[in-house]
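Subject: Structure for your review

Dear colleague,

Please find below the structure that I am handing over to you. My notes on what was found in it follow.

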Amino acid sequence: MTDQQTPSDIRESLGLRRVINVSGTMTSLGASIVVPQAIAAMSSILPQFVEINDLHRMASPVIARLTGGEAGFVTASCSAGITLAVAATMTGPDLAAIERLPDATGLKNEVLIQTGHVVSYGAPVDQAIKLAGAKAVLVGQATSCYPYHLEGAINERTAAAVFVVSHHTVQYGLVALKKFAEICHARGVPVIVDAASEYDLKVFLAEGADIAIYSSHKFLGGPTGGIVAGRKDLVRSAFLQNMGVGRGMKLGKESILGTIAALEAWEKRDHAGIREKETGYLHLWKQTLTGKPGVTAEIEADPTHNPLDRLRVTIDPREAHITAWDFADALAKGERPIIVRDHEAEHGYFYMDPCNLHPGEERIVAGRLEEELRKARASNEIIATPFEERYARRISGLMRWPD
């Protein structure tokens, strides 16, 4: 896609902004560019009737092959996958218990999670646990969790333990997955890994997870959904939750087939070639920012070891005449809004992610970087909106709803 409006871009007719996503695989922006194979598969099945359980049976061996698990299925989202997997550890295949949930009377209902893993991905992680009727038991402190904390939290009411892999979690002082799984398995506790935004589809089951949950619409480039993979008995019990709390988390024929197609395309993707192209974008942006007063641009590796880098843009407002968050907000305005990864902007920096660009958009981004910095430098005063006002404005925007 270029900066010129084309008939294929539906956003203008819908009154939607033509945003350029340099934030990453964010659900709030539509997650990713859906691969052609998934689009074709979804279009082909939409006019047809199909027995949904047969589609799920088709998906399972594909998921198993790509993840190294024994079985798998597709649900509405990774958040839904956490709820269904937790419910599975509570009920097993007991259909009566499945129908009773979220009433967990008589069932093991405590689910362990390290305190430093209780983050928000748009909603609190522990809420996905509670939706199953379970009680989230926080283990350790936010920046300090040792094996003895985990061992001491396991008791006769423990149904499962959840481990979250995300750049939002605390990245130090916590129990790593291998040790986490070792401790849990020694006491017969299954481990559920939330790996929503992770590139490696096999490592988490290999390191001890009994269930790993992946997004089908982020790095895979499939339709919106969550992939539940792992131990066959637990996957089956999680799938059976569709007769209970999972009913509201179901997805259609097009999403199941589209996910199968995205997984199969993943096997054939030129991963090295894509990374080389994305690295070129990063170097273009870094070169654009080099020498700009008050701006430092450095390429950094992904904190959860995904095979991609991002550009960290650090702003000294005294020299740049603008704060990091005001710079981010300036980029997010105009005819071609550019959305950066700004969840840490109050610390004076934001990130730029290259993995979701259409051809030519990298040059539009470079031009806007120069334009907004030039405008800021022309200001006689430092553009510095109080961060609290920015936060309040965002909350107000969330609460806004059409009349």
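A salt bridge is taken here as a side-chain nitrogen of Lys or Arg within 4 Å of a carboxyl oxygen of Asp or Glu. Please bear in mind throughout that the model is a predicted one.

Salt bridges

Searching the whole structure yields 24 salt bridges. One of them joins the side chains of Glu370 and Lys292, with an N to O distance of 3.4 Å. This pair connects distant parts of the chain, as Glu370 belongs to helix H15 (residues 361-377), while Lys292 sits in the loop between helix H12 (271-289) and strand S9 (295-301), 78 residues apart. Glu370 is partly exposed, at a relative accessible area of 37%, and Lys292 is likewise partly exposed, at 24%.

A local pair is found in helix H3 (residues 52-67), where Arg57 and Asp54 are three residues apart and therefore separated by about one helical turn. Their side chains form a salt bridge with an N to O distance of 2.8 Å. Arg57 is exposed, with 56% relative accessible area, whereas Asp54 is partly exposed, with 36%.

The side chains of Arg363 and Glu362 also meet in a salt bridge, at 3.2 Å from N to O. Here Arg363 counts as exposed, at 55% relative accessibility, but Glu362 is buried, with a relative accessible area of 9%. Elsewhere, Asp302, Arg310, Arg341 and Asp353 are joined into one network by salt bridges that share partners.

A buried acidic residue

Which side chain of opposite charge is nearest to Glu278, and how far away is it? The nearest is Arg275, at 6.1 Å. Glu278 has no salt bridge, because 6.1 Å is beyond the limit of 4 Å. The residue is nevertheless buried, and its place is in helix H12. Once neighbours within four places in sequence are set aside, Glu278 is in contact with Pro354 and Cys355.

Packing of helices H4 and H10

Helix H4 (residues 78-91) and helix H10 (residues 232-240) have axes that come within 8 Å and cross at roughly 110°. With that angle, H4 is roughly perpendicular to H10. On the side of H4, the contact is made by Leu84, Ala85, Ala88 and Thr89; on the side of H10, Leu234, Ser237 and Ala238 take part. Sorted by class, the contact of H4 with H10 comprises five nonpolar residues, two polar residues and no charged residues.

The surroundings of Ile183

Ile183 is a residue of helix H8 (residues 177-186). It counts as buried because its relative accessibility is 6%, and the limit for buried is under 20%. Not counting residues up to four places away in sequence, Ile183 touches Pro147, Leu150, Glu151 and Ile154. For one of these contacts, Leu150, the separation from Ile183 is 33 residues in sequence and 7.5 Å in space, from C-alpha to C-alpha.

Should you wish to begin with particular sites, I would suggest the pair Glu370 and Lys292, which links distant parts of the chain, and Glu278, which is buried yet has no salt bridge.

With kind regards

Key:
Residues are numbered from 1 along each chain as its sequence is written. This is a predicted model: local features need pLDDT of at least 70, side-chain atom pairs count only at pLDDT 80 or more; totals for chains, interfaces and linings use all residues. Side-chain values use heavy atoms; hydrogens and water are left out. Helices (H or I, at least four residues) and strands (E, at least two) are DSSP runs, numbered from the N terminus. Buried means under 20% relative accessible area, exposed over 50%, partly exposed in between (1.4 Å probe, protein chains only). Axes are lines fitted to C-alpha atoms, for helices over the stretch in contact, and angles run from 0 to 180 degrees between N-to-C directions. Angles under 35 degrees count as roughly parallel, over 145 as roughly antiparallel, 65 to 115 as roughly perpendicular and the rest as oblique. Contact means heavy atoms within 4.5 Å. Ala, Val, Leu, Ile, Met, Phe, Trp, Tyr, Cys and Pro count as nonpolar, Asp, Glu, Lys and Arg as charged, and the others, Gly among them, as polar. Lys and Arg count as positive and Asp and Glu as negative; His and the chain ends are not counted.
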